[in-house]
Amino acid sequence: MPDQAVDRRGFLKTIVAAVTTYLGVRWVKDASASSGPEGSSPHRWAMVIDQQACTGCGYCTLACRAHNDVPPWISWNTVVEAGEYGGETMYLARPCMHCDHPACVEVCMVGASYKRADGIVMMDYDKCIGCRYCEVACPYRARSFNWKAFTGPNPAVPEWGQPEVERRPRGVAEKCSFCYQRIDRGMALGLTPGVDPEATPACVVACPVGARIFGDLNDPDSKVSQMLKSIPSYRLREDLGTEPRVYYLHVRDQEVNA
Amino acid sequence: MKARIKSIRFTRFQTWLFILASLMVAGVIAAFVVFTQGLIVTNLSDLVPWGLWITIDLSSIALSAGAFLLCAAVYLLGLKRFQPVARTATFIGLIGYSMAVLTLLLDIGRPDRFWHALVFWNPHSVLWEVTMCVCLYLTVLAVEAAPIVGQAIWMQQRWPRLARRLESLHRFAPYLAVAGLLLSMLHQSSLGATFGVLKARPIWYRPGLSVLFIISAAAGGISFTTLISMLTARLSNKARVDDHLLERLAQIVGWILVGYLYFRFWDAFSMTYTYQPGRTEGLAVLTSGPLALNFWVGEIVVGALIPTVLLLNTRTRSKPTLRMLALGMVVIGLVAYRWDVTLAGQVVVMSYLPQSTATMYTHYFPSLIEILTGAGVVAYGLMAITLGVRYFNIVEHEEPEHETNIDKAYAAASAD
């Protein structure tokens, strides 16, 4: 008789253990799934920045600040001087590279940095614990940490646009998202990112000289595909193997001379 | 006469506790400022996001390495005579890891989300692995340290049943030693890999860091445990040590340092062969730049060369003062090493511009708030060790009781 009792207890214990394990695994899986790649995507978003056209005006930075509600002390998209050519100062605008092999995603221990199926490297600001490993790992310094809270009005609003995303809290890392909100909403409305301004990243729309081109690398007829086919391009720190999705066009000699 | 000495000692003890308590209060106030104002009160920046706190994390974990090494020596290699030192090391380990957890809570931007690290997993991240190992190992240490609490006489008098329960956990010691060895080998080295896997930081990006981290942790961890044992035996009548045992450990540290210096030499020397953007500059920051004093004096001469000589030479090693000095130097060297690693990769700012090898330099010195909170955490650690010596007899080499305990543990292990 005692043997039987032990058996029953053991049996119940096994069931409880199995159910607990199952629920635990599901809980973790559900939590992880909230910001993982959502299946496959027919799109591969990319940006082309033409250094020939860029005048270093910085409108892109300001438009970005307004549309993404970025504080004045942070630039998701920064414009730096990049030497001289033919007596003229060259500029280089640097958004997030949206790398195909993003170092930030690889190192993020909670998976707050993740890559969408369409290639956009995203931040889940509700997950980020603010350890700043991503910031240390990014070769492009594309990430900024919210050392303090951003309160009060955004000086870039409304002159440069209206905020389209939630402001980030103090204590998390933030970065350029290729204006995923504009892409996603635009696509839902049947628009084409890179063609229709409402569906295109704010910096691209704001550029007064058309130095930024956005589009789908999977679409051979998109402007980015066409330009990359006809004009030699380069990417930043290609030696690192991060495979950025932001391409730069050099200054073309013949046009400078002309 | 005897009573007078006792009263003087008691006063000294009180003064010591008072100093530590004041530092802790200052630390708590500073921590309050950090939690309310955010990390803006630090001197950390987007260029140097990791600083003093990370150094304290890394150092306190490394200095706790004595726990897993000595437990492995006692319960896996069968070097039973080191059991009383393993006991000290386990307690110090528990305190050291709790210090690291406290500092991390300060360091992360969203301390309210600390639990995310356990719930949301990215197994690809080295820090994920470190977090998992640290949490599991903290649990192991807590179970390993439970018998120490159970053995305290006042515990046995007041709560005899609880004390017996806690003490009985000692029978798991061999299994815990295996778990501790595995977990520590993983995270002690991957703390180095945390830096070592980052392509963006050429001075860090090398496999050697993980090896150097675990070897230096072995030297620093054993040194710290031995040093604390010797110090407390001198300062407190609550601690009794077997000096022979500690001298043997000090000699082992000397040999570990030889291995460390060997790997360290080739690791650094190989970096001097060719120019590599960022790496060469990083090395220059260490050897002739702002970190040079720290590197040559703190890490190499004081941290490794002098103690190696002092600890391997029988004459100097047998002198307790010189031995303690050497062990203290190893501890200083370890902290200097962790600080240098953390900073060397960050003060050199790599350019992402095309055709540019131009590197920028930045610098970092912790803010007062960072220093106060750091000092508070260190004071907490020292306070816990001090109280451990007094109330849990963590430095006690002369009680025959442990011998029987360990035999019981062996018997239990072999019976299973």
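Two strands count as paired when DSSP finds at least two bridges between them. With that criterion in hand, the tour of this predicted model can open on a hairpin.

**Stop 1: the hairpin of chain A.** Select residues 78-85 and 88-94 of chain A, which are strand 2 and strand 3; these pair in the antiparallel sense over six bridges. To see the register, display A:Val80 together with A:Leu92 of strand 3, which stands opposite. Next, move to the turn, where two residues separate strand 2 of chain A from strand 3 of chain A. One residue there, A:Gly86, has a positive phi of about 60°.

**Stop 2: the four-stranded sheet of chain A.** Colour strands 8, 1, 10 and 9 of chain A in that order: they form an open sheet with mixed pairing. Strand 8 (212-216) and strand 9 are the edge strands, each pairing on one side only.

Centre the view on strand 10, residues 246-249 of chain A. On one flank, strand 1 (residues 45-50) pairs with strand 10 in the parallel sense, over four bridges. A:Ile49 and A:Tyr248 of strand 10 stand opposite each other. Strand 9 (residues 233-234) of chain A runs antiparallel to strand 10 and is joined to it by two bridges. Here A:Ser233 has A:Leu249 of strand 10 as its bridge partner.

Now show the side chains of strand 10. Which residues point which way from this strand? A:Val246 and A:Tyr248 point to one side, A:Tyr247 and A:Leu249 to the other, and all are buried.

Add helix 7, residues 223-230 of chain A. Helix 7 lies across strand 1, strand 8, strand 9 and strand 10 of chain A, and runs at about 110° to strand 8.

**Stop 3: the domains of chain A.** Zoom out and colour chain A by its assigned domains: domain 1 covers 1-33 and domain 2 covers 38-257. The C-alpha centres of domain 1 and domain 2 of chain A are 48 Å apart.

**Stop 4: the contact between the chains.** Select the residues of each chain that touch the other. Chain B contributes 30 residues, in contact with 39 residues of chain A. On the chain B side, helix 5 (116-119) and helix 6 (126-151) each supply at least two residues. Helix 6 of chain B gives the most to this side, with four residues. Coloured by class, the side of chain B that touches chain A shows 19 nonpolar, seven polar and four charged residues.

**Stop 5: a helix pair in chain B.** Keep helix 6 of chain B displayed and add helix 8, residues 160-168 of chain B. The two axes come within 7 Å and cross at roughly 145°, and the crossing is left-handed. Helix 6 of chain B makes this contact through B:Ala146, B:Pro147, B:Val149, B:Gly150 and B:Gln151. From helix 8 of chain B come B:Ala163, B:Arg164, B:Arg165, B:Leu166 and B:Glu167. The residues of this contact divide into five nonpolar, two polar and three charged.

**Stop 6: B:Leu246.** Finally, select B:Leu246 in helix 11 (residues 243-270) of chain B. Why does B:Leu246 count as buried? The reason is that B:Leu246 has 23 C-beta neighbours inside 10 Å, and a residue is buried if 20 or more lie within that distance. Not counting residues up to four places away in sequence, B:Leu246 touches B:Thr226, B:Ser229, B:Met230 and B:Val241. Display B:Val85 as well: its C-alpha atom is separated from that of B:Leu246 by 8.2 Å, although the two residues are 161 residues apart along the chain.

Conventions
Residues numbered from 1 in each chain as written. Chains lettered and ligands numbered in written order. Predicted model: local features only at pLDDT ≥ 70, side-chain atom pairs only at ≥ 80, totals over all residues. Domains from an automatic or database assignment. Contact = placed C-beta atoms within 7 Å. Nonpolar A, V, L, I, M, F, W, Y, C, P; charged D, E, K, R; others polar. Buried ≥ 20, exposed ≤ 12 C-beta atoms within 10 Å, placed from the backbone. Axes fitted to C-alpha atoms, helices over the stretch in contact; angles between N-to-C directions. Left-handed = near helix turned anticlockwise from the far one by under 90°.
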